[in-house]
Amino acid sequence: MSSTNRGAERRTDDAYMTPAWCVRRLLEVWRPRDGIKVEPAAGTGNIVRAVGGDDWRTYDIQPVPAGAAILPGNHATVDFLQFSAHLCDTFVFSVITNPPYSLAEEFIRACRDAYPCADLVFLLRIAFLASAGRLPLWQDLGTPDLYVLPNRPSFTGSGTDSADYAWFRWTVEQRDHGDVRVLGETPKAERCR
């Protein structure tokens, strides 16, 4: 999910894994509702591992890597954007993901269509808000709550990029306003694990 890559080539399928500390900060202010949770861009399972529990359905375009925190029986190796059209699950109550940034809006819309009763919680650049092209998204889904990370995450393990990030949370109810909350700072030692 790097914004500049600082001269590096983009990773295949925008595979930028979520640092666990980003999820821990989120969980200090928001918890998934009881019931089934979905991770539609699971990667190596960092979000699943950080949130915990075994009530997950996970999807990723890549096969599950060895040592991932994903339960094989609850995982499908599929392109979620293609597969989601076959889903409509009112028993899913939380979707938590760090989607490929170039496909973020498509993931948001696919998740809302597939899981109409779920909170949608996406890790995105704060700049995702500032686009006239996304105005129809805000009109269709309402305004999300933002949980701002005061520290920039490293998605590559070799430094941060030039973007600031927040967890965007859309509730089931469509709202014309959202709350903004700055999360707690994360000590550098914790960010480097």
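User: Is Phe80 buried or exposed?
Analyst: This is a predicted model, so take the number as computed from it. Anything under 20% relative accessible area counts as buried. Phe80 comes in at 2%, which makes Phe80 buried.

User: How many aromatic pairs are there, and how is the pair of Phe80 and Phe107 classed?
Analyst: The count comes to 11 aromatic pairs. For Phe80 and Phe107, the ring centres are 5.9 Å apart and the planes sit at 20 degrees. Planes under 30 degrees apart count as stacked, so this pair is stacked.

User: How many residues apart in sequence are the parts that Phe80 and Phe107 tie together?
Analyst: Phe80 lies in helix α3 (residues 80–83), while Phe107 belongs to helix α4 (residues 104–114). Phe107 is buried, with a relative accessible area of 6%. The pair therefore ties together parts whose separation in sequence is 27 residues.

User: What about Phe155 and Tyr165: stacked or edge-to-face?
Analyst: Their ring centres are 5.1 Å apart, with the planes at 65 degrees. The cut-off for this class is over 60 degrees, so the pair is edge-to-face.

User: Where do Phe155 and Tyr165 lie?
Analyst: Phe155 is buried at 6% relative accessibility, and Tyr165 is buried too, at 0%. Phe155 lies in the loop between β6 (145–148) and β7 (165–170), and Tyr165 in strand β7.

User: Which residue lies over the face of Tyr101?
Analyst: Tyr101 is part of one aromatic cluster, along with Phe122, Phe128, Trp138, Phe168 and Trp170. Over the face of Tyr101, at 3.8 Å from the ring centre, lies Arg125.

User: Why is there no bond between the sulfurs of Cys88 and Cys117?
Analyst: The structure holds 0 disulfides, and Cys88 itself is exposed, at 58% relative accessible area. A disulfide needs sulfur atoms within 2.5 Å. The closest cysteine sulfur to that of Cys88 is in Cys117, too far for a bond at 8.3 Å.

User: Which are the edge strands of the sheet?
Analyst: The sheet is open, with 8 strands in the order β3-β2-β1-β4-β5-β7-β6-β8 and mixed pairing. An edge strand pairs on one side only, and that picks out β3 (75–77) and β8 (180–182).

User: What is the bridge partner of Tyr59 in β3?
Analyst: Strand β2 (residues 56–60) runs parallel to β3, and 3 bridges join them. For Tyr59, the partner in β3 is Ala76.

User: What angle does the direction of α4 make with that of β5?
Analyst: Helix α4 packs on the sheet and touches β4 (92–97), β5 (119–125) and β7. Between the directions of α4 and β5, the angle is about 175 degrees.

Notes:
Residues are numbered from 1 along each chain as its sequence is written. This is a predicted model: local features need pLDDT of at least 70, side-chain atom pairs count only at pLDDT 80 or more; totals for chains, interfaces and linings use all residues. Side-chain values use heavy atoms; hydrogens and water are left out. Rings of Phe, Tyr and Trp (its six-membered ring) pair if their centres lie within 6.5 Å; planes under 30 degrees apart count as stacked, over 60 as edge-to-face and the rest as tilted. Helices (H or I, at least four residues) and strands (E, at least two) are DSSP runs, numbered from the N terminus. Buried means under 20% relative accessible area, exposed over 50%, partly exposed in between (1.4 Å probe, protein chains only). A charge sits over a ring if NZ of Lys or CZ of Arg is within 6 Å of the ring centre and within 35 degrees of the ring normal. Two strands pair if DSSP finds at least two bridges between them. Contact means heavy atoms within 4.5 Å. Axes are lines fitted to C-alpha atoms, for helices over the stretch in contact, and angles run from 0 to 180 degrees between N-to-C directions.
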